[in-house]
Amino acid sequence: MMSKDEKLYIVMVGLPSQGKSTVSFRMQDVFRKNSIPTKIFNNGVLRRKYAPEMDTWSSHFYNPDNADAVELRRQFALMNIQKARQYLRGQGQVAILDATNVSKDRRALIEENLGDHPILYIQCTNNDTEIVELSIRYKVKSSEFASLAEDTAVSEFKKRIEYYKMIYEDLVEERNYLRLDSLHNKIIDEHLTDQLPLYSRIRDCLVTDVVKNLYLIRHTETYFNVEDRIGGDTDLTPKGLEQAKALGEFFQKKKIAYIFTSEKKRTIQTAQAIQRLQQGCTIVPLKEFNEIHAGICEGMSYDEIQRTMPEVYSARKADKYNYVYPGGEGYNSMKERIKIGVKKAFFLNRRTDNIMIIGHRAVNRMILSHFLYRREEDVPFIYIPQDKFYHIVATQDRKIFELKRYQ
Ligand code: F6P
């Protein structure tokens with residue numbers, strides 16, 4: 001066992017678009033708030049700064065057979081390694097090396113130069129292809145890809161990932177590492193040889209969902225709402241469109257990078273009114289946020305259900321949380337997909353402080369139950385109005401839970 005040391009190098013490992021930078025920022029945030037001097041050393045930042053003429057958007061720059069580029073990238077890595085070392089020689093306590101670091105060669109370079117303090121490798125993985133795709137689409141909006149059409153940029157980025165896959169070697173011999181499922185904030189493997197400083201804090205930080213500002217909104221009034229009908233895919237009424245416009249005006253001064261909705265027209269139409277008054281705002285419809293499927297009762301009013309299917313009505317009333325509509329869903333059976341939707345939204349929205357979800361009555365109840373303790377049997381009764389929204393903050397040192405009017 002190495003002696004206990006106060007200082008630490010954290011080396012991120014993983015293919016592009018797996019959440020490494022997000023995790024790095026999250027750790028830096030938590031450490032700095034706890035007066036632990038921390039700094040991130042990102043190779044991409046150096047590449048964009050010192051090699052702007054090199055077309056670093058091009059996948060060719062990442063081809064392992066492109067000797068010049070390989071050498072240049074090695075130089076950038078070394079530059080950061082040296083900066084990190086300098087930092088820990090001074091006041092710094094944690095240096096985070098944020099780069100792919102997927103080859104043994106690259107990690108050997110790190111180990112040769114950073115023998116003065118222990119190293120913890122954090123490997124990030126995210127196997128959800130839909131999320132990776134969306135994440136790439138977001139990445140290519142950066143200035144590095146400004147000269148390319150979006151689809152070309154996406155395909156260049158994907159080729160870049162393929163090149164990194166060619167040189168990928170798993171963490172095996174390294175003294176200290178952990179593998180993180182960065183979509184679910186879940187540690188899947190842990191291997192520790194040394195006594196590492198701050199380890200429990202790091203672990204805690206990796207598995208915690210931080211919510212800076214979550215705006216949880218229910219779609220505004222629809223034709224079905226007026227008739228008290230459930231499910232379906234109806235449009236907003238003129239009143240619903242007015243409400244959506246008011247929401248747009250309310251949020252106009254806040255920067256909303258993504259609005260996550262369901263695939264239903266009512267949530268998308270509400271989101272469009274907000275998007276109209278934003279810049280660079282993307283609407284992401286997620287199937288996970290579709291409203292509870294009422295099976296054979298879709299499109300019916302509660303009154304009709306009670307009259308024509310009294311057994312359905314009373315069984316649901318007796319145990320609303322666990323009841324499953326014939327041919328449809330129930331609150332409990334939606335739990336898993338809602339959880340996945342929330343994870344996807346948080347993964348994609350990881351760099352910005354404001355996250356907006358526009359859902360439905362049952363869906364929003366389930367989302368709220370992630371953040372608000374409620375007994376399961378009480379979840380299907382949480383108040384979800386259409387003229388107000390929930391604002392939620394849950395960081396280490398701040399908790400807010402408020403229901404606010406927007407007009
Ligand atoms: O009425 C709107 C609605 O979103 C329906 O589509 C859905 O079935 C219902 O609310 C869910 O609320 P509850 O579980 O209270 O019936």
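**Two sheets and a ligand site**

Four bridges join strand β8, residues 258–261, to β9, and these two strands run parallel. I start there, on a model that is predicted, and work outward. Within that pairing, Y258 stands opposite T282 of β9.

These strands belong to an open sheet of six, in the order β9-β8-β10-β7-β11-β12. The pairing in this sheet is mixed. At the edges are β9, residues 282–285, and β12, residues 399–405, each of which pairs on one side only. From one strand to the next, the twist averages 20°.

One helix to look at here is α13, residues 331–348, which packs on the sheet. Helix α13 touches β7 (211–218), β8 and β10 (354–359). Its direction makes about 170° with that of β8.

Now the other sheet. Here six strands form an open sheet with mixed pairing, and the order is β2-β3-β1-β4-β5-β6. Which strands sit at its edges? They are β2, at 38–42, and β6, at 186–192, and each pairs on one side only. Neighbouring strands are turned against each other by 20° on average, ignoring direction.

Take β4 and β5 next. Strand β4 covers residues 119–125 and β5 covers 176–181; the two run parallel and are joined by five bridges. C124 has L180 in β5 as its bridge partner.

Two helices pack on this sheet. Helix α3, residues 67–89, touches β1 (8–13), β2 and β3 (94–98), and its direction makes about 170° with that of β3. Helix α4, residues 104–113, touches β1 and β4, and its direction makes about 155° with that of β4.

On the other side of β5 comes β6. Parallel or antiparallel? β5 and β6 run antiparallel, with six bridges between them. R179 stands opposite D189 of β6 in this pairing. The hairpin of β5 and β6 has four residues between the strands, and there N185 takes a positive phi near 50°.

A general remark for anyone scrolling along these strands: side chains in a regular strand alternate between the two faces of the sheet.

Last, the ligand. There are 13 residues around it, and G231, E291, Y302, K320 and Y331 come nearest. What classes of residue make up the shell? Seven are charged, five are nonpolar and one is polar. Which helix gives the largest share of the shell? That is α14, residues 361–371, with three residues.

For the polar distances, I have three side chains to show. E291 places a polar side-chain atom 2.5 Å from an oxygen atom of the ligand. For Y331, an N or O atom in the side chain is 2.6 Å from a ligand oxygen. R361 has a polar side-chain atom 3.2 Å from an oxygen atom of the ligand. As for cover, the ligand taken alone exposes 390 Å², and the protein buries 95% of that.

Conventions
Residues are numbered from 1 along each chain as its sequence is written. This is a predicted model: local features need pLDDT of at least 70, side-chain atom pairs count only at pLDDT 80 or more; totals for chains, interfaces and linings use all residues. Side-chain values use heavy atoms; hydrogens and water are left out. Two strands pair if DSSP finds at least two bridges between them. Axes are lines fitted to C-alpha atoms, for helices over the stretch in contact, and angles run from 0 to 180 degrees between N-to-C directions. Contact means heavy atoms within 4.5 Å. A residue is near a molecule or strand if one of its heavy atoms lies within 4 Å of it. A polar contact is a pair of N or O atoms within 3.5 Å; within protein, one must be able to donate a hydrogen and the other to accept it, and residues adjacent in sequence count only if both atoms are side-chain atoms. Accessible areas come from the Shrake-Rupley method with a 1.4 Å probe; for residues, only the protein chains shown count as cover. Ala, Val, Leu, Ile, Met, Phe, Trp, Tyr, Cys and Pro count as nonpolar, Asp, Glu, Lys and Arg as charged, and the others, Gly among them, as polar.
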